[in-house]
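Okay, thanks for making time, everyone. I'll put the structure up and then walk you through a couple of places in it.

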Amino acid sequence: MVTRTFWGHSVSDDVCDLCQRPALEPIYKPERSTRGLTVHLCGVCGLLQSLPRIDRATRAPAAVSGGADWGNVRYGKGFRTQIAVDALNRYTDFGSDFTLLDVGSNRGSFARSFLHRAPNAHLVAVEPDERVAASVAGMPRTQLIQERIENVALETRRFDAIHSCHTIEHLIHPAHTLADHHRALRDGGILVLDAPNTALLASDDIVEEWFIDKHLYHFSERTLTRMIEAAGFTILERPDPKDKSNLFFACKKNGHKPVNGGLDLLEVEYAQDLIAAYSANRARNLMALTSVASELLRLAPRRVAVWGAGRLFDSLVTYGKLPTGALTLLIDKHLKAHVTERHGFALTGPESLAEANPGVVVVMSRDFASEIAAEVNRLTPGAEVILYSDLMSRARRIAA
Ligand SMILES: [Zn+2]
């Protein structure tokens, strides 16, 4: 990668996708990156972005890892369907015969729900991965385009609404694609946009590598707001401040773009602090995982089930060195559809709980911890439920 000097710093040759300045400085090297990515911070506007901008990942098998190589499982978007369909329903008429563009249709969770709720609507679904696009093929009132959105020539003012869920962070030039969405919408058309939230980096209990290989851009509410507004949209709904994992926006096409110089030194400082806190927290937490594993080993005679076989579990085995043979059950009702085992232990569904009758169920999830705990209480009322966040805070106290 070519570098040059900007404001006295050595920066990359690429320009920032938000403010268009050549002010990208390397700030973080993700762990276990198979694409050789480095996270850069724009010293002008504060947008975090990974370089080099590789447009197509090699088609790797499903990797349920806590490292940067996590990916190709592709089930997370389904959890975001309801919030997107509900928001669209607030700003469009689900009874009319309108046309919606679904960017990154994935396995069709949104498409199915939307077509069901809007009985006269038409859908154009864009999904490059043929392995998942097959789920959308053959749906009624649907045209499937199997291609990256950046390579699709959309008709001007064709769409009444656009839905883009956890896709923008994968794009080479998201600012350009947002401007193209604006062009493809009719006047007053609606854009519903959802992306990962860098706020999660500040989590006390983070152990997984957040900067995964599939993501080239890493947005805060502030940087994504600016990119949306620079493309000519008015924001109707902002992200829920309690949701540290997602940035959900509902926006409307308007006729003018704000004059945007791009300079945001507060955001630059915020991003620097965030990366520093993330690196320090994560290093401390990875060490604490050995104490978490020891606690689970002590509990093993009571028969321990773990619910959640994703990134937190992978980190517990990889860094905490938990011997999976100490477990009685490993439950994950979503991952079970994509992989059969994790670290040599077979995955099962929640239905196995009653028969296995564990004394302890450990919930290895952050976003769905309370839902899972409630389900455990229902399925096996005698078992003690222990949450990952509690295990981790105990382990950190021991380490301190
Ligand atoms: Zn910038």
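Let's begin with the cysteines. Along the sequence, the donor residues of the zinc ion follow the spacing C-x2-C-x22-C-x2-C. Keep in mind that this is a predicted model. That spacing brings together two distant parts of the chain: Cys16 sits in the loop between β2 (9-12) and β3 (24-28), while Cys45, 29 residues apart from Cys16, is in the loop between β4 (38-42) and β5 (48-51). Both Cys16 and Cys45 are buried.

So which atoms hold the zinc ion? They're the SG atoms of Cys16, Cys19, Cys42 and Cys45, at 2.2 to 2.3 Å. And why do we call the arrangement tetrahedral? Because the 4 donor atoms subtend angles of 100 to 121° around the zinc ion. For reference, the ideal angle for four tetrahedral donors is 109.5 degrees.

Okay, on to the nonpolar cores. The largest one has 41 residues, and Leu101, Leu224 and Ile228 have the most contacts inside it. Several elements give it two or more residues, including β6 (99-103), α4 (174-184), α5 (221-230) and β13 (246-253). The largest share, 4 residues, comes from β10. This core also draws at least three residues from each of domain 1 (3-52 + 266-273) and domain 2 (76-262).

Take a look at Leu101 on the screen. Leaving out residues up to four places away in sequence, Leu101 touches Val124, Val126, Ile149, Leu154, Phe159, Ala161, Ile162 and His163.

Last stop: there's a second, separate core, with 32 residues, among them Ala288, Leu312, Leu347 and Tyr388.

Definitions and conventions
Residues are numbered from 1 along each chain as its sequence is written. This is a predicted model: local features need pLDDT of at least 70, side-chain atom pairs count only at pLDDT 80 or more; totals for chains, interfaces and linings use all residues. Side-chain values use heavy atoms; hydrogens and water are left out. Donors are N, O and S atoms within 2.8 Å of the metal (3.2 Å for Na, K and Ca); water is not among the atoms, so sites may look incomplete. Four donors count as tetrahedral if all angles lie between 85 and 135 degrees; four count as square planar and six as octahedral if opposite donors are over 155 degrees apart and all others between 65 and 115; anything else is irregular. Buried means under 20% relative accessible area, exposed over 50%, partly exposed in between (1.4 Å probe, protein chains only). A nonpolar core is a set of buried Ala, Val, Leu, Ile, Met, Phe, Trp, Tyr and Cys residues joined through side-chain atoms within 4.5 Å. Domain bounds come from an automatic or database domain assignment. Contact means heavy atoms within 4.5 Å.
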